[in-house]
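Open the model in your viewer and get your selection tool ready. We'll go from the whole chain down to single side chains, one stop at a time.

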Amino acid sequence: MLLDFINSNQSLLETLIIVGLITAVVGVVLVMFWQYIIFGLLGLFCVVVLANHKSPEKSKEEIIPLPGVHQKYEHPDRKHFMEDCLNLTEYSEKHCSDIWENRETDDEKI
């Protein structure tokens, strides 16, 4: 009598009831465990990203410096270095001398 009133059949109502129950169960699970689900999905995302990581290949092209840019400035002798060091910095003569001597020992190591 009710089926005739709403103009439907038994299988449609059974399907609607089953879909409603499944929706209710999924809704309860999502409401109760949403934090665990989100953290699990976040962890899965991290694992997938790290598993698919590819290291960038280094280009084998030689880096060409721009014109006018010097790679290394070398003083021709101690006299010029000492003049530049004293004029351009506030170092003492002893400190500039120590820098020059350490530079010479570093060059020998190379």
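Start with everything selected: of the 110 residues of the protein, 7% count as buried. Here buried means under 20% relative accessible area, exposed means over 50%, and partly exposed is in between, using a 1.4 Å probe and protein chains only. Keep in mind that this is a predicted model, where local features need pLDDT of at least 70 and side-chain atom pairs count only at pLDDT 80 or more, while totals for chains, interfaces and linings use all residues. Residues are numbered from 1 along each chain as its sequence is written, and side-chain values use heavy atoms, with hydrogens and water left out.

Now show the surface. Its accessible area is about 10,700 Å², and 64% of that belongs to carbon and sulfur atoms. The areas come from the Shrake-Rupley method with a 1.4 Å probe, and for residues only the protein chains shown count as cover.

Switch to cartoon view. You'll find four helices and zero strands, so labelled because helices are DSSP runs of H or I with at least four residues and strands are runs of E with at least two, numbered from the N terminus.

Next, select residues 10-51, which make up helix 2. How far does helix 2 span between its end C-alpha atoms? The span is only 50 Å, whereas a straight helix of 42 residues would cover 62 Å at 1.5 Å a residue. (That expected span is 1.5 Å times one less than the number of residues.) Zoom in on Phe 33: helix 2 bends there by about 80°, the bend being the angle between axes fitted to the seven residues ending at a residue and the seven starting there.

Stay on Phe 33 and add Tyr 36 to the selection. Both sit in helix 2, three residues apart, or about one turn of the helix. Phe 33 is partly exposed at 38% relative accessible area, and Tyr 36 counts as exposed at 63%.

Jump over to Phe 81 and Trp 100. Is this ring pair stacked, edge-to-face or tilted? The ring centres are 5.1 Å apart and the planes are at 40°, so the pair is tilted. For the rule, rings of Phe, Tyr and Trp (its six-membered ring) pair if their centres lie within 6.5 Å; planes under 30 degrees apart are stacked, over 60 edge-to-face, and the rest tilted. The pair links distant parts of the chain, with Phe 81 in helix 3 and Trp 100 in helix 4, 19 residues apart. Phe 81 is buried at 11% relative accessibility, and Trp 100 is buried at 6%.

Add Met 82, Cys 85 and Cys 96, and with Phe 81 and Trp 100 you have the largest nonpolar core, five residues in total. Helix 3 (78-88) and helix 4 (93-109) each supply at least two of its residues, and helix 3 gives the largest share, three. Such a core is a set of buried Ala, Val, Leu, Ile, Met, Phe, Trp, Tyr and Cys residues joined through side-chain atoms within 4.5 Å.

Last stop: Ser 97, in helix 4. Ser 97 is buried, at 13% relative accessible area. Leaving aside neighbours within four places in sequence, Ser 97 is in contact (heavy atoms within 4.5 Å) with Arg 78 and Met 82.
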